[in-house]
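Trainee: I would be grateful for a close look at one part of this structure, taken slowly and in a connected way. Please choose the part and explain how its surroundings are built.

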Amino acid sequence: MADITGFSPHAVGGVDLLNLAERRMEWLQNRETVLAGNVANANTPKYSPKDVSPFQGVLNSAQAVTLMRTQPGHMTGPGGGTYAHNTGHVSSIDGNRVVLEDELAKIADTNDQHRFATTVYGRYMGMYSMALGGGSGSSS
């Protein structure tokens with residue numbers, strides 16, 4: 001949370017680390033949902049697997065100027081979200097393009113990234129707490 005001077009206590013080198021971690025976790029959650037949908041539709045005729053835009057694209061759009069929604073009836077502009085897009089694979093006889101091995105590999109990769117992000121976030125919060133004098137430990 002920034003004060004009136006624009007200083008954010010979590011910003012390091014101009015990057016708000018907690019906001020970045022939150023955006024990464026949200027992106028990973030969206031990707032897990034899309035990949036789970038691919039696996040669930042592995043037997044659906046003419047289904048094409050989807051994936052989300054790379055996280056780098058989310059970061060780039062976060063740095064861009066976005067339109068403000070001033071009335072409830074206004075449409076939201078593009079920015080910061082994740083969007084599913086079809087991936088190209090060879091289709092089966094029924095037109096389904098899901099390759100379960102590929103989807104499971106993507107799910108495992110996403111799980112590893114999620115575990116890494118939560119570990120980094122937890123360690124950052126531990127250092128932040130220690131710096132504020134909260135310590136990590138047990139009292140005697």
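Mentor: What follows is an account of one helix and its surroundings.

The model is a predicted one, and the part chosen is helix H3, which runs over 100–131. H3 has 32 residues, and at 1.5 Å a residue these should span 46 Å. The end C-alpha atoms of H3 are 46 Å apart, so the span agrees with what is expected. After H3 comes Gly133, which has a positive phi, near 95°.

Which residues of H3 are buried? They are Glu103, Lys106, Thr110, Gln113, Ala117 and Tyr124. An α-helix has 3.6 residues a turn, so residues three or four places apart point the same way. The buried residues of H3 pack against H1 and strand E3, the latter covering 50–52.

Two residues of H1 show what this packing looks like in detail. The first to consider is Arg24, which lies in helix H1. Arg24 has a relative accessible area of 21% and is therefore partly exposed, since buried means under 20%. Beyond its neighbours within four places in sequence, Arg24 is in contact with Phe55, Gln113 and Ala117. With Gln113 there is a polar contact between the two side chains, at 2.3 Å. Ala117 is 93 residues away from Arg24 in sequence, yet their C-alpha atoms are 7.6 Å apart in space.

The other residue is Asn38, also found in helix H1. Asn38 counts as buried because its relative accessibility is 0%. When residues up to four places away in sequence are not counted, Asn38 touches Tyr47, Pro49, Lys50, Val98 and Glu103. Among these, Glu103 is one of the buried residues of H3, and Lys50 falls within strand E3 (50–52). The side chain of Asn38 also makes a polar contact with the side chain of Tyr47, at 2.9 Å.

H3 also takes part in the largest pocket, which has a volume of about 280 Å³. This pocket is lined by 13 residues, and those nearest its centre are Leu17, Leu20, Ala21, Ala117 and Val120. Helices H1 (17–40), H2 (55–63) and H3 each supply at least two residues of the lining. The largest share, six residues, comes from H3. By character, the lining divides into eleven nonpolar residues, one polar and one charged.

Ala117 links these parts of the picture: this residue is buried in H3, is in contact with Arg24, and lies among the residues nearest the centre of the largest pocket.

Notes: Residues numbered from 1 in each chain as written. Predicted model: local features only at pLDDT ≥ 70, side-chain atom pairs only at ≥ 80, totals over all residues. Heavy atoms only, no water. 1 Å grid on protein atoms, 1.4 Å probe; cavity = no way out; pocket = protein on both sides within 12 Å on 5 of 7 lines; lining within 4 Å. Points joined across faces, edges and corners; volume = space filled by probe spheres on them. Helix = DSSP H or I, 4+ residues; strand = E, 2+ residues; numbered from the N terminus. Nonpolar A, V, L, I, M, F, W, Y, C, P; charged D, E, K, R; others polar. Buried < 20%, exposed > 50% of the residue type's maximum accessible area, 1.4 Å probe, protein only. Contact = heavy atoms within 4.5 Å. Polar contact = N/O pair within 3.5 Å; in protein donor to acceptor, adjacent residues only side chain to side chain. Expected span 1.5 Å × (residues − 1).
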